[in-house]
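Let's take a walk through this structure together, one piece at a time. Have the sequence and the 3D view at hand as you read.

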Amino acid sequence: MLEVKDLHVSVEGSEILKGLNLTLKQGEVHAIMGPNGAGKSTLSAVISGKEGYEVTSGSITFEGRDVLEMEVEERAQAGLLLGFQYPVEIPGVKNIYLLKAALNAQRAARGEEEIPAPEFMKLVKEKLAAMKMDPSFLQRAVNEGFSGGEKKRNEILQMLVLQPRLAMLDEIDSGLDIDAMRVVADGINSLRDPERGVLIVTHYQRLLEHVEPDVVHVLVDGRIAKTGDKQLAYELESRGYEWVLEESTA
Amino acid sequence: MASEEMEQLVRREYTQGFVTDIESDTVPPGLDESTIAFISEKKGEPEWMLEWRLEAYHQWLKMTTPSWAHLNYPPIDYQAISYYSAPKKPEDRPQSLDEVDPKLLETYEKLGIPLHERAALAGVAVDAVFDSVSVTTTFKEQLAEAGVIFCSISEAIRDYPELVKQYLGSVVPQGDNFFAALNSAVFTDGSFVYVPEGVTCPMELSTYFRINAANTGQFERTLIICEKQAQVSYLEGCTAPMRDENQLHAAVVELVALDDAKIKYSTVQNWYPGDEDGKGGIYNFVTKRGDCRGDRSHISWTQVETGSAITWKYPSCMLRGKDSIGEFYSVAVTNGRQQADTGTKMIHIGENTRSTIVSKGISAGRANQSYRGLVKVGPRAKNARNFTQCDSLLIGDTCGAHTYPYQEIGNSSSIVEHEATTSKIGEDQLFYCQSRGISEEDAVNMIVNGFCKDVFQELPMEFAVEAEALLNVTLEGAVG
């Protein structure tokens, strides 16, 4: 469903991604691991359309559509959804309002009617319970005054409500304690579906103990240096990244 | 009206000569004692009122336009303005909504203005207006039952001269400032509200006013008096863009609150801002002041300012009574070439007086906006408290926001707090919303409305909803 081909991306003149290739099929969960500065966050930012990243060559297609030609909101409406590493605070805007506006924008893009209020409340309450979040979260301003863990749960809550075709999670596990990690992992697991895909960008193998990836990629110096199954994640945890780099340049 | 047409009209009227004929409906442009006498006579005013106007006129002659505001506009020729003109005759007005600018209608639609009000707002001479006449009558009966007087200032001068004599100019004296003096000399209409002791006005004075707003003039004069323990909530203006042929507006609003009285005054101002270059927009120079004359009295100003090419406006509170409270909540939006210099003055005179200022300024396009606020605490105002929060939000990088807070503290037991922020609408916030599938325009609206929430929640419910819609329309095309 997602096909990244020979992607070269520069930020302020310096090349971060240097010919990245990635294929993710429906129903698969992929993890991208790699050392700091390898370009992990750049990849998810470029796929979701964040400004400030210059694609110098290569292509990204999602279900046959040229992603680089789409506006940010069109990508989301097509089902490509990014969970932020650092979710943004929006003072004065209630969480529930953002959720509803986002859901209805996506429905409108699919030619569907706005969701009726009772149905929406039922849906949100169910997902809140799944994320072990208090209903008072809905009435608070988006991410304002949320703890690190609450922000991350909120990202997954949005995913559960919006039900993306492909969920991209950028370091969703950073700053989570064990309990929150389990809740977040359960949330991600509930997104697993033969029709959908999940792309997890992470530093550590910790999250992958709870969310088993089908494919693990190692991103080093702007390229996928190695691809394997979940065993690769364990290997990286014990051996670090150096050997992958040596192996790939050898 | 195009300036060419305006000129033609002016010239045509000029050829009719300077005779102030009481039968005619319009005076030629220009201002002198005979113009004022004409207005006063036309209104059927008593002698004392004419004298009061003339006093104001003589003070005005010695005054000059204030130049301290951060505003840029060509000098106004006060002799080129016609100071009295009767409403347009029905045959000169559009005969149906089909003749009205479709863009205007589109805006009404977006704002959710009820159908029967659209025609009235667009100046259409149709029976639609009659719908509202019956509504008006019902309201009037209800108010009369409660003993509340609510009428035009002209009627009040004729029917309640003692009240008017006692209070008119007691908050904003004739010579207060250049525009107030001009208004005092030539005001043609406005509203008068009197709430007797112990009475809480049985309704928001809103719908009534909106329907009648089409008749409000260029030099509007409003006087609201709340006796002891009385309460009123007054709503001025309208979210719909208002057509008006007069470029210069100089209104005066005076509020008087006696012991334990409470006045809540809400404004939504959406006068024509002019075209893309700011041409033809309204100049709005307003003097609004509330006098908390009684102990424990409470005056609250809430304003949403989105229209006009130029806004010069500082709704203020004189906190005389002990334990009296003054509040100012403001959202000002400028887009295109609009300029606004607005803020408030809180003058603490009595003991234990408290004031709150929350100002939210939003600038987009090539607009310029200033917050100007004075908090003055007199020597007798022991334990006075003020809290000021003043936030500016910039959209794009060709607009400007400025903050001019002034504080004069005359005793040591008072506490004055001031918080100010200026932020650019966050690229990160926009991206966050868009990456959820929300369009850029909706995202801007969402963020801006969130920014204004503290003020909107002070507005009466129905107005708050309209104000949000209005903000969205005003900021259309501000991004991208």
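**A helix across a sheet, and where it leads**

Start in chain A with H5(A), which lies across S6 and strand S9 (166-170) of chain A and runs at about 165° to S6(A). Please keep in mind throughout that you are looking at a predicted model.

The two strands under that helix belong to an open sheet of six strands in chain A, and if you trace across it you meet them in the order S6-S9-S10-S3-S11-S12, with mixed pairing. S6 and strand S12 (223-228) of chain A each have a single partner strand, so they stand at the edges with one side lacking a neighbour in the sheet. From one strand to its neighbour, the average turn in this sheet is 20°, ignoring direction.

For a closer look inside the sheet, find strand S3 (residues 29-33) and strand S11 (residues 215-220) of chain A, which pair in the parallel sense over four bridges. One place to put your cursor is His30(A), whose bridge partner in S11(A) is Val215(A).

Now move over to chain B. Here seven strands make an open sheet, in the order S4-S7-S9-S12-S14-S16-S18, and the pairing is parallel. Which strands stand at its edges? They are strand S4 (231-237) and strand S18 (415-424) of chain B; each has a single partner strand, so one side of each has no neighbour in the sheet. Neighbouring strands are turned against each other by 5° on average, direction ignored.

Within this sheet, strand S9 (residues 298-305) and strand S12 (residues 325-334) of chain B run parallel and are joined by eight bridges. Among the residues involved is Thr302(B), which has Tyr329(B) as its bridge partner in S12(B).

With both sheets in view, turn to where the chains meet. On the chain A side, 30 residues are in contact with 18 residues of chain B. About 1,900 Å² is buried between the two chains, and carbon and sulfur atoms give 66% of that area.

There are polar links too: 11 residue pairs are in polar contact between the chains, both residues being at pLDDT 80 or more. The elements of chain A that give two or more residues to this side are helix H2 (72-77), strand S6 (80-83), strand S7 (90-94), helix H3 (95-109) and helix H5 (148-162). H3(A) gives the largest share, six residues. By class, the chain A side has 17 nonpolar, eight polar and five charged residues.

Finally, look for salt bridges: the count between chain A and chain B is two. In a salt bridge between Lys50(A) and Asp428(B), the side chains meet at 3.3 Å, N to O.

Methods: Residues are numbered from 1 along each chain as its sequence is written. Chains are lettered from A and ligands numbered from 1 in the order in which they are written. This is a predicted model: local features need pLDDT of at least 70, side-chain atom pairs count only at pLDDT 80 or more; totals for chains, interfaces and linings use all residues. Side-chain values use heavy atoms; hydrogens and water are left out. Contact means heavy atoms within 4.5 Å. Buried area is the accessible area (1.4 Å probe) that two parts lose on being put together, summed over both. A salt bridge is a side-chain nitrogen of Lys or Arg within 4 Å of a carboxyl oxygen of Asp or Glu. A polar contact is a pair of N or O atoms within 3.5 Å; within protein, one must be able to donate a hydrogen and the other to accept it, and residues adjacent in sequence count only if both atoms are side-chain atoms. Ala, Val, Leu, Ile, Met, Phe, Trp, Tyr, Cys and Pro count as nonpolar, Asp, Glu, Lys and Arg as charged, and the others, Gly among them, as polar. Two strands pair if DSSP finds at least two bridges between them. Axes are lines fitted to C-alpha atoms, for helices over the stretch in contact, and angles run from 0 to 180 degrees between N-to-C directions.
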